[in-house]
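Hi there,

Here is the structure I promised to pass on to you. Have a look at it first, and then read on for what turned up in it.

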Amino acid sequence: MTTTDIPAPAARKPAATTAPKRRPKRESQGPAWVFLSPWVLGAIVLTLLPMAVSLYLSFTDYDLFNPPRWVGLRNYVQMFTEDPRYWRSVMTTLTYVVIAVPLQLALALAVALALKSMKRGKGFYRSAFYAPSLLGASMSIALVWRAVFNDGGTVDNLLGTGGWVNKPGWALLAVALLTVWQFGAPMVIFLAGLQQIPGELYEAAAVDGAGKWRQFVSVTVPMLSPVLFFNLVLQTIQAFQVFTPAFAIGAGKGGPADSTLVYTLYLYDRGFVASHMGYASAMAWVLLIVIGAVTAVLFRTSRSWVFYASEGDR
Amino acid sequence: MPGHRTKGFCASAAALVLCTMLAGCGGSGESVGGGKVVLRYTWWGNPDRAERTEQAVALFEKQHPNIQVQTSFSAYEAYKQKLATQAAGGDAPDVMQLDYRQIDQYASGGVLLDLDKEKAVLRTGEIDAGLLATGRLDDTQYAIPQGRGTETVAYDVKAWKASGVPLPGRSWTWSEWADAMRALAEKTGKPGATDPGQSEDCFEVWLRGQGKSLYTKDGGLGFTADDLTRWWTFTDRLRREGAVSPAEQTTQLDGSVENTPLGRGEATADSNWDAPASGFLALIPSGVALPPMPSGEDGTPGQYFKPSMFLGVGAGTGHPKEAAQLVDFLINDAQAAKILGATRGIPVNESIRERTESQLKDFDKTIADYQASLEGSLKAPPQAPPSGDNALQATFQRDYDQVSYERMSPREAAENYVTEAKAELRS
């Protein structure tokens, strides 16, 4: 999941299309379309069509079994004005995002810095730290996590916590820790970013008498800010959509006492447990819009703190 | 460049063919293994039930060499959600186990096949008419009851005896039950039973013990926020006293016996349906006994004989006849009955019940004896719960979580529940 979301660099335009003013002999586009068809069909059938249907359903009352009934904006009105659990799920999600994202990024950056200056065994540690990101999204790891933090589990035995997943005040932290633990993807990106920073900058800084901390603040952070921004946006978007860990740790119900009832889990609950698919669809569209808005805000603030090296040339 | 083009087209054509083939592979998968009919049969339950079901299915396949049965099972909560998703996607299994609470929604939603159409292979003549009618909706037989069940207070015999607290007799009231739980907690140092506050089923028993019901005849709510407040105040006090399980344990319930406090060795007793209680044997080898559920203070019984579960056939099945044959086999075949025992409740086929009751062994016999002891003393079952109840069961548990974690008072939670229930039942 993590890696596939990274947008591929824009493909370099083929030389042929940039130069000629008139097309050479019309080449048939047939083969291209034939080769593309599985993906075009896939995009239409598996993405666009379901989205359109979901938008339609969000204005209906649909119990999965009987035909949808048009109710206009009722789902949206109910969501915002009559459903305390909706707001609880919103608050839970925001709390989760605020805990998980900074912790995860801080850990990823710290490990990336440690790995960068490492002389030997870099490959091993890089893989070792990356592994949880590959495994972590799976249900099985989430279940292991539940067992570890359960009453009588490993953490309980070591720290005498009495099991976090069964305490409403702590369960969400257990969910967040599972995400934080999967810091591999942002770490690898940080590492790549760190290696891009020219060594001369550090040498120059050292000559000017900057210590390690000063170098970090004045060289590393600004030079790394585009990468930091990239990771921040990606992880925030992902955090808003957290589902698997909350599902497993909250025993599928967002428990205990709704403390891990994140947005997507409540959406699932409305759709598949309570059979209110229309309401769930409406929730999905609100989530889409909110994520879009949050991303837009992040981009806006980025102007004041993200520094691109190429800006200096302008 | 004609040559080039031809090559391109060849390649793309090949790719297209490949795609079609791949797509074809993902298709219905009906005639795998040399023209055999493949049926999907899903159910919920525990490993004990799984083992016996597999044996029965193997026998069915032997008798019907042209049919192959793919089975799958999970715990109740997970099963409910998976089945709802499958049914909504038009991918309901050919044969599915259903709960009383699902009949209304599934039948009215067009998920279930009208079984009268398969009368030729599916015999219902030997099922008690009243029991059979619980699977009917608008005069159509959508599902066949598979067994008869009732609730019980399963307890660990050895642990209870060791505590020195007098063993439960053949009847008790809720206050006698509560006293016993307090005494157990005091002697054993751990809660007497699972906190019944989270269970809509237990609440129903308590409610019926006072002559009330969960739902009215027309599918409305049969009780008030006051009733629910009293119930939750009662259970909440027991929880605070340590007589029933703490919130941390109660919240782990998922319908499987393994995750009950009794199954985990954290309590002495548990309120459960009699058939799944067989799962406790694997966890408590020293033995489990089944006294009845507590009654109202004036002795009015709250529990009732309920069709423990049903078998239905998917309306979209490609093989209605074969699916009906499987249902018939599971319900009416003497050998199948012998293998299945009472794992889904006491058999509904009258002649099989008479024949097998004496042959039942071990825990199956315990269940049969338990049901026999209640025969004639219980009140008639309520009609099948309305569609919304399916979701309300989860709501009930969740709202009680708020009470047991002390985030809401019983009154606040009860009012929450009643508001949500009314909205759910209206839609």
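Let's start with a small sheet in chain B of this predicted model. It is an open sheet of 3 strands, in the order E8-E7-E9, and the pairing is antiparallel. Which strands stand at the edges? They are E8 and E9 (288-289) of chain B; each has a single partner strand, so one side of each is left without a neighbour in the sheet. Between E7(B) and E9(B), the antiparallel pairing runs over 2 bridges. If you want to find one of the residues involved, look for Tyr155(B), whose bridge partner in E9(B) is Ala289(B).

Two of these strands turn up again around a cavity. The count of cavities of 30 Å³ or more comes to 5, and the largest holds about 850 Å³ of space. Its lining is made of 41 residues, and those nearest its centre are Tyr76(B), Asp201(B), Gly255(B), Asn272(B) and Trp273(B). Several elements of chain B each supply at least two lining residues, among them helix H4 (76-88), strand E7 (151-156), strand E8 (269-273) and helix H17 (389-404). Which element gives the most to this lining? That is E8(B), with 4 residues. Sorted by class, the lining of the largest cavity has 13 nonpolar, 14 polar and 14 charged residues.

Strand E10 (306-313) of chain B also supplies at least two residues of that lining, and Lys306(B) is a residue of E10 worth a click. Is Lys306(B) buried or exposed? Its relative accessibility is 6%, so Lys306(B) counts as buried. Setting aside neighbours within four places in sequence, its contacts are Asp99(B), Tyr100(B), Gly147(B), Arg148(B), Gly149(B) and Trp273(B). You have met Trp273(B) already, as one of the residues nearest the centre of the largest cavity.

The second largest cavity has a volume of about 120 Å³. Residues that line it include Gln146(B), Leu330(B), Leu340(B), Arg344(B) and Val348(B). Helices H13 (320-332) and H14 (334-340) of chain B each supply at least two residues of this lining. By class, the second lining has 6 nonpolar, 4 polar and 1 charged residues.

Next, the nonpolar cores. The largest has 87 residues, and those with the most contacts inside it are Met79(A), Tyr86(A), Tyr96(A), Tyr263(A), Leu98(B) and Tyr106(B). Helix H4 (residues 84-116) of chain A contributes the largest share of this core, 12 residues. Tyr96(A) touches Val101(A), Leu172(A), Val175(A), Ala176(A), Thr179(A), Ala239(A) and Val242(A), leaving out residues up to four places away in sequence. There is also a second, separate core of 43 residues, which includes Leu228(B), Val244(B), Ala269(B) and Ala421(B).

Finally, a word on backbone angles. Most residues other than glycine have a negative phi. Asp258(A) is not a glycine, yet its phi is positive, near 65 degrees. Asp258(A) sits in the loop between helix H12 (244-249) and helix H13 (263-273) of chain A, and it is buried, with a relative accessible area of 4%. Asp138(B) also has a positive phi, of about 50 degrees, although it is not a glycine. You will find Asp138(B) in the loop between strand E4 (136-137) and strand E5 (140-141) of chain B. With a relative accessible area of 69%, Asp138(B) is exposed.

Enjoy exploring!

Best wishes

Terms used:
Residues are numbered from 1 along each chain as its sequence is written. Chains are lettered from A and ligands numbered from 1 in the order in which they are written. This is a predicted model: local features need pLDDT of at least 70, side-chain atom pairs count only at pLDDT 80 or more; totals for chains, interfaces and linings use all residues. Side-chain values use heavy atoms; hydrogens and water are left out. On a 1 Å grid over the protein atoms alone, a cavity is a set of points where a 1.4 Å probe fits but cannot get out, and a pocket is an open set with protein on both sides within 12 Å along at least five of seven lines; lining residues have an atom within 4 Å of a point. Grid points are joined across faces, edges and corners, and a volume is the space filled by probe spheres set on the points. Ala, Val, Leu, Ile, Met, Phe, Trp, Tyr, Cys and Pro count as nonpolar, Asp, Glu, Lys and Arg as charged, and the others, Gly among them, as polar. Buried means under 20% relative accessible area, exposed over 50%, partly exposed in between (1.4 Å probe, protein chains only). Contact means heavy atoms within 4.5 Å. Two strands pair if DSSP finds at least two bridges between them. A nonpolar core is a set of buried Ala, Val, Leu, Ile, Met, Phe, Trp, Tyr and Cys residues joined through side-chain atoms within 4.5 Å.
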